[in-house]
Amino acid sequence: MRINEFNNLEEFKSQYCGWWDPSEGKWLGLEFKYNNMFYRFHTGLMLDEKKPILPNGKEGKFCIYEMICEKEKYPSCDRYQLIGWYSDMDDLLERCIIEGEKFEKIITEDDTEILAQD
């Protein structure tokens, strides 16, 4: 049974374009569960970080974190472990690898559960 809200990459990409407008379905952050692990995708800065300059010379725009939750008690999160920064959506979809899979596959996988959007 499919539990994922995103049926294709276009649905995901249309909601995460870099600005926040919930009335138009535009978000900056997303929390999801994949293979019993919790993750946070974020546009822009999170925590007290500064946007990095990536090896390609571009500024980081998107980032992915693993959410470390004690005994899987989401949404209580003990800490965030950075997986990576990405300069644009194509960079994120192609280069971000989680548990050996590209993010572009994970975000539309049947069993990926969307937990929160903000």
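Is Asp110 buried, exposed or partly exposed? In this predicted model, Asp110 comes out as partly exposed, because its relative accessible area is 41%, a value that falls between the 20% and 50% cut-offs. Asp110 sits in the loop that runs between α3 and β7 (113-117). From there it touches Arg2, Ile3 and Asn4, leaving aside residues up to four places away in sequence. Glu5 belongs in this picture too: Asp110 and Glu5 are 105 residues apart in sequence, yet their C-alpha atoms are 8.7 Å apart in space.

Now for the overall layout. The chain has three helices and seven strands, and reading along the sequence gives the pattern α-β-β-β-β-α-β-β-α-β. The chain is as compact as a globular protein of its length, because its radius of gyration is 14 Å, close to the 13 Å that the globule rule gives for 118 residues. Taken along the principal axes, the C-alpha atoms fill a box of roughly 40 × 30 × 30 Å. Of the 118 residues, 37% count as buried. Contacts that span a long stretch of sequence are well represented: among those between residues at least 6 apart, 56% join residues at least 24 apart.

As for the surface, the chain exposes about 6,800 Å², and carbon and sulfur atoms supply 47% of that area. The chain carries 15 positive and 25 negative charges, and the mean positions of the two sets are 3 Å apart.

On the inside, the largest nonpolar core has 21 residues. Phe12, Leu30, Phe32, Phe41, Leu92, Ile98 and Phe103 are the ones with the most contacts inside this core. At least two core residues come from each of β1 (29-34), β2 (37-43), β3 (62-68), α2 (89-95) and α3 (103-106). Ile98 is a good residue to click on here, as it touches Phe32, Tyr34, Tyr39, Ile64, Ile83, Phe103 and Ile106, again not counting residues up to four places away in sequence. Two of these partners, Phe32 and Phe103, are themselves on the list of residues with the most contacts inside the core.

Strand β4 (residues 79-86) holds both Arg79 and Gly84, and the two differ in how covered they are. Arg79 is partly exposed, since its relative accessible area is 46%, whereas Gly84 is buried, at 9%. The buried label follows because the cut-off for it is under 20%. Both residues make contacts with residues of the β3 stretch. Arg79 touches Glu66, Met67 and Ile68, and Gly84 touches Phe62, Cys63 and Ile64, in each case with residues up to four places away left out. Met67 also gives a sense of spacing: the C-alpha atoms of Gly84 and Met67 are separated by 13 Å, with their positions 17 residues apart along the chain. Arg79 and Glu5, for their part, are 74 residues apart in sequence and 26 Å apart in space, C-alpha to C-alpha.

The loops bring in some backbone detail. Most residues other than glycine have a negative phi. Asn36 goes the other way, with phi near 65°. Asn36 is placed in the loop between β1 and β2 and is partly exposed, at 47% relative accessible area. Glu99 likewise has a positive phi, near 50°, in a residue other than glycine. Glu99 is in the loop between β5 (97-98) and β6 (101-102), and its 42% relative accessibility makes it partly exposed.

What about Gly57, and where does it lie? Gly57 is in the loop between β2 and β3. Gly57 counts as exposed because its relative accessible area is 53%, and the exposed label applies over 50%. Although Gly57 and Ser87 are 30 residues apart in sequence, their C-alpha atoms are 9.1 Å apart in space.

Key: Residues are numbered from 1 along each chain as its sequence is written. This is a predicted model: local features need pLDDT of at least 70, side-chain atom pairs count only at pLDDT 80 or more; totals for chains, interfaces and linings use all residues. Side-chain values use heavy atoms; hydrogens and water are left out. A nonpolar core is a set of buried Ala, Val, Leu, Ile, Met, Phe, Trp, Tyr and Cys residues joined through side-chain atoms within 4.5 Å. Buried means under 20% relative accessible area, exposed over 50%, partly exposed in between (1.4 Å probe, protein chains only). Helices (H or I, at least four residues) and strands (E, at least two) are DSSP runs, numbered from the N terminus. Contact means heavy atoms within 4.5 Å. The radius of gyration is taken over C-alpha atoms; the globule rule is 2.2 Å times the number of residues to the power 0.38. Accessible areas come from the Shrake-Rupley method with a 1.4 Å probe; for residues, only the protein chains shown count as cover. Lys and Arg count as positive and Asp and Glu as negative; His and the chain ends are not counted. The place of a charge is taken as NZ of Lys, CZ of Arg, CG of Asp or CD of Glu.
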